[in-house]
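Please open the model in your viewer and keep the selection tool at hand for a short tour around one helix and its surroundings.

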Amino acid sequence: MRISIINGPNLNLLGKRETDIYGNIPFEQFMERLKSKHSSVEFSYFQSNVEGELINELQRVGYEYDGIVLNPAGYTHTSVAIGDAIAAIKAPVVEVHISNVHAREDFRKLSHVSGKSAGSIFGLGLKGYELAIEYLLSLQPSR
Ligand code: DQA
């Protein structure tokens, strides 16, 4: 079972960025927790602040991996191209947002990603990534 986790812009600053909204755990630290919890899963983790690099990574893993957990961050609300990439690939994508995007500014209510994804989780903090992984694991027939 291979799961790809892809984070968009500014999520490299988790732990020091607007900690009241995003918490104070760096994502690398959280990744270690995920890996030890799911030792049978082969994870890949990719973060970029660049839209095209996120699309390249979606295309790279999208025909090889069993599922993708994607937090496109600010590009969620602007990127038709990331939505198109999700529609193009084979792996199921779960969209995750740490904060409750529907309880914030209006511009965060638009997602170019939700309609192309298997499902979306928002507002549950880093727990959202864990729930997305649980869902992807549940798709595996051998489990
Ligand atoms: C975010 C929500 C986005 O609106 C914001 O631009 C982010 C993070 C979240 O995880 O809550 O950078 O995707």
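How many residues does helix H5 have, and how far does H5 reach from its first C-alpha to its last? Select residues 127-138: H5 has 12 residues and reaches 17 Å between those two atoms, close to the 16 Å expected at 1.5 Å a residue, the expected span being 1.5 Å times one less than the number of residues. Helices here are DSSP runs of H or I with at least four residues, and strands are runs of E with at least two, numbered from the N terminus.

This is a predicted model, in which local features need pLDDT of at least 70 and side-chain atom pairs count only at pLDDT 80 or more, while totals for chains, interfaces and linings use all residues. Residues are numbered from 1 along each chain as its sequence is written, and side-chain values use heavy atoms, with hydrogens and water left out.

Next, colour the buried residues of H5 (under 20% relative accessible area, 1.4 Å probe, protein chains only), which are Gly128, Tyr129, Glu130, Ala132, Ile133, Leu136 and Leu137. They pack against helix H2 (27-37) and strands including S1 (2-7) and S2 (42-47), with contact meaning heavy atoms within 4.5 Å.

Now centre on Ile133, which touches Ile3, Ile5, Leu34, His38, Phe43 and Val69, leaving aside residues up to four places away in sequence.

Finally, show the largest nonpolar core (buried Ala, Val, Leu, Ile, Met, Phe, Trp, Tyr and Cys joined through side-chain atoms within 4.5 Å): of its 23 residues, those touching the most other members include Phe27, Tyr129 and Ile133. The largest share of this core, five residues, comes from H5.

Key
Buried means under 20% relative accessible area, exposed over 50%, partly exposed in between (1.4 Å probe, protein chains only).
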